[in-house]
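Q: Please take a close look at one helix in this model. Which way do its sides face, and what surrounds it?

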Amino acid sequence: MCENVISIEFMLYFLNTLWYYVSVERPIIRNNRDERIGKMKIRKISALLIAVMILGLMAGCGKSSKKDATDIDSVMKNYSKYVELGKYKGIEYTPQKTEVTEDMLQYYIDNLVAQQTTTENATEGIATMGDTVNIDYVGSIDGKEFETGNTNGAGTQLVLGSHSYVDDFEEQIAGHSPGDAFDVNVTFPSDYGNAELAGKKALFKTKLNSIVITHEPKYDDALVASATDSKYKTTKEFEEGTMEDLKKQAEEGDKSTNRNAVFEKVQDGCNVTEYPEKEVEKRVQSTIDNVEKQAESNGTDINTFLANYGYDMDKFKDEIKSSTETFIRQRMIISAIAVEEGITVTDEEAEAKVKEYLEQTGISDKETLKQTYGYEDIDFYFDVLDDKVLDFLVENAVEVEATETDATEEDAAPTEIVDDYGTTEEKKEEE
């Protein structure tokens, strides 16, 4: 499908990106140096729920044409009857051209070194500022323990001098040795994020468990060969290969972005007079069934499962129906343009797409691929058709320079980040 519509290529990209965001630790300091360092997760909705929704939308694709599942020309013509096309040639857009920089390459070099870096917990020595230490503590105010002031014996790592904790906390750990138990006395600032703690004096019964020693390897040919299983034998080969991959990724990303920019304008000018209601209902129900199965596998019912993510059944159905109609609308518009321009797909092209997906996913056969991703035969044809139509639209579009308004809006767009406590922060570039 086109990038706005769900395809196996999109799902693979989505799930890989999703894994990055839910697995990579992003240390942050809590609001007003809150009690603990947490992990940043970019999430407006559960990653699991999004994945289930995507798979649900895929399920049943093309089932309205079971009589002749690969007769894409008939399906296209049927869809196109309900589409009033607007302008789709000569669409103006500002192409995205991503520059691959040395900073991007350095990120991958640093990451390679980080992956080969090891640590050990030293039980001897004296902790100094700048060291990473593992500690346990129990905090109390006026002799009463308070919530979030206790590691519960699980241990937590802290870089002394990072100012991650309240003032003077870290300084009182320096000078101690592993095994030492001692008191840390602090005063929470008056503007502290937790009103119950703000301005209060607190005592933390603290134990220094260990000093974390980091062993970072030298970035050289031997490290590269070892870390890449000899795919690259030298740092030069690694850097050249990585830059080549980055440029390819940038080109693919730019192509996807430019396709979306043009298609978004095209579909804005089109009118869909009627949706295939049975197909919509089937997709919506398929998604609900998938979520219900997911809820059962988690030992709960679907209503409780949805409530955990801020949904009730009615709201969830409305959003799924809206997403489904968007999915089908795009397929209908793609079909109408293809019919108008005489663009179609051969059996050989569809089979080549199947082979491409098998190679990407590592799945051995077409039937397993279809079952895994909820595909019908016709969906492989539509994925090829989308590529053809979107390429046609971009080839017939007009490149224009970005206006000052476009640049200002892009620079001023806030980035919304949601942390583990549900706190939303918006970061905006200073003018």
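**Helix α4 and the cores**

A: Start with the outer side. Asp103 and Gln115 are exposed, and they sit on the face of α4 turned away from its buried side. Keep in mind that this is a predicted model.

Now the buried side. Leu105, Ile109, Leu112 and Val113 of α4 are buried. They lie on the same side of α4, because they cover an arc of only 95° around the axis. The buried residues of α4 pack against α5 (221–227) and α6.

Next, the length. Helix α4 has 15 residues, residues 102–116. At 1.5 Å a residue, α4 should span 21 Å, and its end C-alpha atoms are 21 Å apart, so the two values agree.

In soluble globular proteins, nonpolar side chains tend to be buried together. The largest nonpolar core here has 46 residues. Within this core, Ile72, Val266, Phe382, Leu385, Val389 and Leu393 touch the most other members. At least two core residues come from each of α3 (72–80), α6 (235–268), α7 (277–297), α8 (302–307), α9 (313–341) and α12 (377–395). Helix α9 gives the largest share of this core, eleven residues. Helix α6 thus appears twice: it supplies residues of this core, and the buried residues of α4 pack against it.

Take Ile72 as one example. Leaving out residues up to four places away in sequence, Ile72 touches Thr344, Val345, Ile378, Tyr381, Phe382 and Leu385. Another core, of 23 residues, lies apart from the largest one. Its members include Ile135, Tyr137, Phe182 and Phe204.

Terms used
Residues are numbered from 1 along each chain as its sequence is written. This is a predicted model: local features need pLDDT of at least 70, side-chain atom pairs count only at pLDDT 80 or more; totals for chains, interfaces and linings use all residues. Side-chain values use heavy atoms; hydrogens and water are left out. A nonpolar core is a set of buried Ala, Val, Leu, Ile, Met, Phe, Trp, Tyr and Cys residues joined through side-chain atoms within 4.5 Å. Buried means under 20% relative accessible area, exposed over 50%, partly exposed in between (1.4 Å probe, protein chains only). Helices (H or I, at least four residues) and strands (E, at least two) are DSSP runs, numbered from the N terminus. Contact means heavy atoms within 4.5 Å. The expected span of a helix is 1.5 Å times one less than its number of residues. The arc is that of the directions from the helix axis to the C-beta atoms.
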